[in-house]
Amino acid sequence: QVQLVESGGGLVQTGGSLRLSCAASGRLFSNSIMAWFRQAPGKERETVAGIRWSGSITSYAGSVKGRFTISRDNAKNTVYLQMNSLKPEDTAVYYCAAGSAFAARNMDYWGKGTLVTVSS
């Protein structure tokens with residue numbers, strides 16, 4: 001069993017930065033995938049970024065590539081999402097998840113989410 005707790009969301013102006021954290025409790029394996037998803041009001045959930053727990057592979061949605069960076073700290077059992085050059089369209093609830101592959105359908109565990117609001 002893995003529990004995930006997100007933090008770091010908040011209100012930021014366009015062009016600003018935020019760093020989200022996802023603290024994981026429980027056992028994660030080197031080939032586990034940790035990922036961030038987001039869901040804006042009235043829109044479907046979308047994948048933002050993912051990372052293999054070993055850190056060897058990362059993946060980003062085209063809309064955030066070059067602006068967001070996913071990383072992990074194995075010692076702290078924590079995954080981060082550094083978000084720079086934020087845009088109003090980045091406003092959403094951001095969820096952390098853990099599973100066996102990058103797609104949402106392969107995620108076994110989910111956090112409750114943290115709200116990011118980007119003002120124009």
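The questions and answers below introduce this predicted model.

Q: Which kind of model is this, and how are its residues numbered?
A: This is a predicted model in which local features need pLDDT of at least 70 and side-chain atom pairs count only at pLDDT 80 or more, while totals for chains, interfaces and linings use all residues. Side-chain values use heavy atoms, with hydrogens and water left out, and residues are numbered from 1 along each chain as its sequence is written.

Q: How many helices and how many strands does the protein have?
A: Helices (H or I, at least four residues) and strands (E, at least two) are taken as DSSP runs and numbered from the N terminus. Read from the N terminus on, the elements run β-β-β-β-β-β-β-β-β-β-β. The count is therefore zero helices and 11 strands.

Q: What is the radius of gyration of the protein?
A: The radius of gyration is taken over C-alpha atoms, and the globule rule is 2.2 Å times the number of residues to the power 0.38. For 120 residues that rule gives 14 Å, and the protein comes close to this, so it is as compact as a globular protein of that length. The C-alpha trace spans about 40 × 25 × 25 Å along its principal axes. The radius of gyration itself is 13 Å.

Q: What share of the residues of the protein counts as buried?
A: Buried means under 20% relative accessible area, exposed means over 50%, and partly exposed lies in between, with a 1.4 Å probe and protein chains only. Of the 120 residues of the protein, the buried share is 39%.

Q: Which residues touch the most other members of the largest nonpolar core?
A: A nonpolar core is a set of buried Ala, Val, Leu, Ile, Met, Phe, Trp, Tyr and Cys residues joined through side-chain atoms within 4.5 Å. The largest one holds 29 residues, and the strands that each supply at least two of them include strand 3 (18–25), strand 4 (33–39) and strand 9 (92–99). A second, separate core of five residues includes Ala 35, Phe 37, Ala 97 and Met 107. In the largest core, the residues that touch the most other members are Met 34, Trp 36, Leu 81, Met 83 and Tyr 94.

Q: What does Met 83 touch, not counting residues up to four places away in sequence?
A: Contact means heavy atoms within 4.5 Å. With residues up to four places away in sequence not counted, Met 83 touches Gly 16, Ser 17, Leu 18, Leu 20, Arg 67, Phe 68, Tyr 94 and Val 116.

Q: Where is Asn 77 placed?
A: Asn 77 has a positive phi of about 55° although it is not a glycine. Its relative accessible area is 21%, so Asn 77 is partly exposed. The place of Asn 77 is in the loop between strand 7 and strand 8.

Q: What is the relative accessible area of Ser 85?
A: Ser 85 is placed in the loop between strand 8 and strand 9, and its phi is near 50°, a positive value in a residue other than glycine. Ser 85 is partly exposed, with a relative accessible area of 41%.

Q: Is Gly 99 buried or exposed?
A: Gly 99 has its place in strand 9, where it touches Ser 32, Ile 33, Asn 106, Met 107 and Asp 108, not counting residues up to four places away in sequence. Its relative accessibility is 10%, so Gly 99 counts as buried.
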